[in-house]
Amino acid sequence: MGSLLALGTGASILFMIIKAVLILLIGYIVINLVTGAVKKSLEKNPKIDPMLHGFLVKVLRILLWVVVIVMLLQAFGVNTASLVAIIGAAGIAVAMALKDSLANVAGGILILINKPFKRGDEIEVAGQTGIVDAIDIMTTQLHTWDNKIVRVPNGAIVTSSVVNFTESGLRRVEESFGVAPDSDFEKVKAAIRAACAKDPVFSMNPEPVIGASGNGDGSVIFDCKVWVKTEDYYGAIYRLREGVAAEFAAAGVSGPKKTLRVMQVE
């Protein structure tokens, strides 16, 4: 009798082991098939950044393995209802403890999907301005024009206004020039226009906007608003000043009667 009981118990244990092995084997195969299919689907979708592919596949793999482990425990007769409740409670506790980090992760996913900017773009966001070097899951790295490295949390980016200076391809340079009040205004405007037309950095389509904007200390102020390619923006202001100065000299346009500090309009 004892031998039959032992034999029955041994067979039951063996059956449970075989069942567990089958669950693990089938789970392994199904997980690989599902994650492989999802990865291929992501790779075919140009709207989703490649950087996001591995992260999404990894998260999916972890979730599927959790399901397999729960099924495995059920196969051994473990009551998984309480275990699922404990996992859920633990998940909520971890989420509350890591809410800022999770917000950054969610922000990184949204940035990679929506693409408000890409690597190489100059942006202004969360009080920082710089060129985008890298978009990671947690942070976005920028470098400023004086070569400082800035890492902005992605959670702050998705809750802030993002100004992308690069996306349109053009930026407008604005500068003011003071001339003597008795100057020939048409000659002044022609000289400024000539400075823009002679320098290939400046676009003549759209046309520069040139006109008198007001009076200064012993002068009349003329504004020039001209478009340039984004990559030429920061050097263009100096070229505009130098070009206009040369054209003023050639046309005999006099400067202000008194020294005027010219302010750049941002």
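**Surface.** I looked up the accessible area of the protein chain first and noted about 16,200 Å² exposed. Carbon and sulfur atoms supply 64% of that area. I record here that the model is a predicted one. I then asked which residues make a nonpolar patch on the surface. L14, I18, L22, I26, V30 and V34 form such a patch, with an area of about 510 Å². I placed L14 in helix α1, which covers residues 2-43.

**Overall make-up.** I counted seven helices and nine strands in the protein chain. The chain has 266 residues, and 31% of them count as buried. I also checked how far apart in sequence the contacting residues lie. Among contacts with a separation of 6 or more, 65% join residues that are 24 or more positions apart.

**Cores.** I note as background that nonpolar side chains tend to be buried together in soluble globular proteins. Which residues have the most contacts inside the largest nonpolar core? I found V173, I192, F202, C224, L240 and F248 in that role, within a core of 23 residues. The elements giving two or more residues to this core are β6 (170-179), α6 (185-198), β9 (219-229) and α7 (233-251). Helix α7 gives the largest share, six residues.

I followed L240 further. Leaving aside residues up to four places away in sequence, L240 touches V173, E175, F177, C196, F202, C224 and V226. I then noted a second, separate core of 14 residues, with I109, I111, L112 and V152 among its members.

**The five-stranded sheet.** I traced an open sheet with the strand order β4-β3-β2-β1-β5 and antiparallel pairing. Which strands are at the edges? They are β4 (149-153) and β5 (163-164), each of which pairs on one side only. Strand β3, residues 139-143, runs antiparallel to β4, and five bridges join the two. Within this pairing I located H143 opposite I149 of β4.

**The β8-β9 hairpin.** I turned next to strand β8, residues 209-216, which is joined to β9 by seven bridges in an antiparallel arrangement. As one pair to inspect, I took G214 and its bridge partner in β9, I221. How many residues lie between β8 and β9 in the hairpin? I found two residues there, and G218 in the turn has a positive phi of about 75°. I add that β9 also appears among the elements that give two or more residues to the largest nonpolar core, and that C224 is among the residues with the most contacts inside that core.

Terms used: Residues are numbered from 1 along each chain as its sequence is written. This is a predicted model: local features need pLDDT of at least 70, side-chain atom pairs count only at pLDDT 80 or more; totals for chains, interfaces and linings use all residues. Side-chain values use heavy atoms; hydrogens and water are left out. A nonpolar core is a set of buried Ala, Val, Leu, Ile, Met, Phe, Trp, Tyr and Cys residues joined through side-chain atoms within 4.5 Å. Buried means under 20% relative accessible area, exposed over 50%, partly exposed in between (1.4 Å probe, protein chains only). Helices (H or I, at least four residues) and strands (E, at least two) are DSSP runs, numbered from the N terminus. Contact means heavy atoms within 4.5 Å. Accessible areas come from the Shrake-Rupley method with a 1.4 Å probe; for residues, only the protein chains shown count as cover. Patches are made of residues with over 30% relative accessible area and no salt bridge: like charges are joined within 9 Å, nonpolar side chains (Val, Leu, Ile, Met, Phe, Trp, Tyr) within 5 Å. A salt bridge is a side-chain nitrogen of Lys or Arg within 4 Å of a carboxyl oxygen of Asp or Glu. Two strands pair if DSSP finds at least two bridges between them.
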